[in-house]
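Biologist: I've got a model open on my screen and I'd like a close look at one part of it. Could you walk me through it slowly, as you would for someone in their first year?

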Amino acid sequence: MAINLELPKKFDSTVERTHLAAEHIFRPISRKYDKAEHEYPAELDELGKLANQSRAQERESDGEATSAEADGPSANGPNMRALISAREMSWGDVGLLLSIPGQGLGNAAIAAVATEEQLEKFSGVWAAMAITEPSFGSDSAAVSTTATRDGDDYLINGEKIFVTAGSRADHVVVWATIDKSAGRAAIKSFVVPMTTDGVTVARLEHKLGIKSSDTAVIRFENARVPAENLLGSPEVDTKKAFGGVMQTFDNTRPVVAAMAIGLGRAALEELRRMLEEAGREIDYDKPAASQHASVCEFIRLESDWEASWLHTLRAAWMADNKEPNSAEASMSKAKAGRTVTDITNKAVEVGATAGFSETMLLEKWARDSKILDIFEGTQQIQQLIIARRVLGKSSADLT
């Protein structure tokens with residue numbers, strides 16, 4: 001199958017709607033909630049309701065479209081739509097995007113590995129995702145939180161850190177091991193209501209960026225959840241390892257890359273404006289090396305941005321067409337995460353005193369951008385995954 005780089009017209013309304021939200025809802029309150037860390041952005045309540053209604057309609061239309069395209073060259077469905085939404089809204093504010101009610105990272109985990117019955121059961125939840133623990137960061141296989149079978153339930157015990165929307169979401173998808181002796185093959189994900197006895201938000205973190213998005217530490221002390229809340233199969237398959245739960249990242253990493261692309265575009269637009277205001281013309285018909293150094297740098301950044309977008313398009317397209325995309329998802333995340341930090345830091349540098357002060361959003365964008373190179377797997381982890389795929393090595397062979 002061949003990918004068409006022109007976005008289908010069915011996504012035009014998604015682009016228009018999400019960009020309007022970014023421009024007229026996010027941008028005006030961006031600085032307000034950057035300064036008021038941990039204060040809930042109530043302005044997003046109505047947007048959350050509208051987004052949930054739109055997603056329900058889009059799921060139906062995507063299902064119909066995918067069926068209609070089944071015999072055609074390719075399909076564009078929910079992964080591509082999520083990509084576009086993340087790109088447009090991150091142009092407004094990444095932290096506020098992560099704060100929209102009903103749109104948690106745990107929802108992507110549910111979409112990736114849930115059964116049809118579970119998709120129906122959890123269709124209306126707002127789910128955070130809890131993976132990282134005090135004893136590990138990017139090594140997801142090191143999960144020590146336990147889920148012990150007790151009759152028709154599981155008892156979950158452990159502590160999770162850096163849980164995005166952990167104090168606001170009504171559910172959390174928790175990664176836990178059901179058998180420590182079985183290694184990574186026994187790591188499963190569970191959908192846990194935040195109202196469950198034994199689930200406690202221990203504290204909220206103070207952060208460098210995306211301050212409008214809360215980041216929580218959550219403790220689980222004999223938190224009892226029904227066995228049917230285990231996502232996917234409860235079987236311990238040592239051959240598959242924990243590929244089931246890791247499929248979540250194949251869906252979410254391109255979305256994080258899209259966030260980086262949206263934020264990068266905002267910074268590029270501001271950088272272009274500053275250059276033109278200073279009388280530095282950007283001429284694409286002349287060799288970059290023959291132009292002013294700042295213009296040459298802008299052209300380099302813009303080309304990296306374009307490459308990031310193409311990587312990300314490919315990863316989402318492959319997911320929609322049921323093609324394995326683990327390497328491509330990591331490539332998109334690695335490229336976009338590195339590029340957005342490069343763009344935003346260069347914009348602060350060119351902006352000089354205005355870029356470093358709070359008179360503009362440039363310094364905020366530089367702070368916000370760093371997390372996009374860290375969460376959902378750091379730059380180093382992405383490169384390790386890519387190397388394994390390219391060289392045909394396992395995690396045991398290449399660490």
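Which residues line the second largest cavity?

Modeller: Happy to, and keep in mind that this is a predicted model. The lining of the second largest cavity is made up of A260, I261, G264, W305, S308, A336, T339, V340 and I343. Three helices each give two or more residues to that lining: α7 (243–277), α8 (293–320) and α9 (326–356). The largest share comes from α9, with four residues. Sorted by class, the lining of this cavity has six nonpolar residues, three polar ones and no charged ones. As for volume, the second largest cavity comes out at about 30 Å³.

Let's zoom in on one of those lining residues, G264. You'll find G264 in helix α7. Is G264 buried or exposed? Its relative accessibility is 0%, so G264 counts as buried; the cut-off for buried is under 20%. Now try hopping from G264 to L301: these two are 37 residues apart in sequence, yet 9.4 Å apart in space, going from C-alpha to C-alpha.

For contrast, have a go with another pair. A108 and G151 are 43 residues apart in sequence and 29 Å apart in space, again C-alpha to C-alpha. A108 belongs to helix α5 (residues 105–113). With a relative accessible area of 21%, A108 is partly exposed, because buried stops at under 20% and exposed begins at over 50%.

Back to the cavities. How many of 30 Å³ or more does the structure hold? There are two. The largest cavity has about 50 Å³ of space, and its lining consists of I3, N4, L5, E6, L7, P8, N76, M80 and L313. Here the classes split into six nonpolar, two polar and one charged. So when you click through the model, you can set that one charged residue beside the lining of the second largest cavity, where there are no charged residues.

While you have the model open, follow helix α1 (residues 12–35) as well. Its 24 residues, at 1.5 Å a residue, should span 34 Å, and the C-alpha atoms at its ends are 34 Å apart, which agrees. Even so, α1 has a bend of about 45° at F26, and a proline, P28, follows within four residues. F26 is itself buried, and other buried residues of α1 include T14, T18, A21, A22 and I29.

Last stop, the strands. All seven residues of strand β4 (residues 171–177) are buried. Which ones point which way? H171, V173, W175 and T177 point one way, while V172, V174 and A176 point the other way. On to the neighbours: strand β1 (residues 127–130) runs parallel to β4, and four bridges join the two. Strand β5 (residues 187–193) runs antiparallel to β4, with seven bridges between them. V172 is a handy place to see both pairings, as V172 is the bridge partner of A128 and also has V192 as its bridge partner in β5.

Note on methods:
Residues numbered from 1 in each chain as written. Predicted model: local features only at pLDDT ≥ 70, side-chain atom pairs only at ≥ 80, totals over all residues. Heavy atoms only, no water. Buried < 20%, exposed > 50% of the residue type's maximum accessible area, 1.4 Å probe, protein only. Pairing = 2+ DSSP bridges. 1 Å grid on protein atoms, 1.4 Å probe; cavity = no way out; pocket = protein on both sides within 12 Å on 5 of 7 lines; lining within 4 Å. Points joined across faces, edges and corners; volume = space filled by probe spheres on them. Nonpolar A, V, L, I, M, F, W, Y, C, P; charged D, E, K, R; others polar. Expected span 1.5 Å × (residues − 1). Bend = angle between axes of the 7 residues up to and from the residue.
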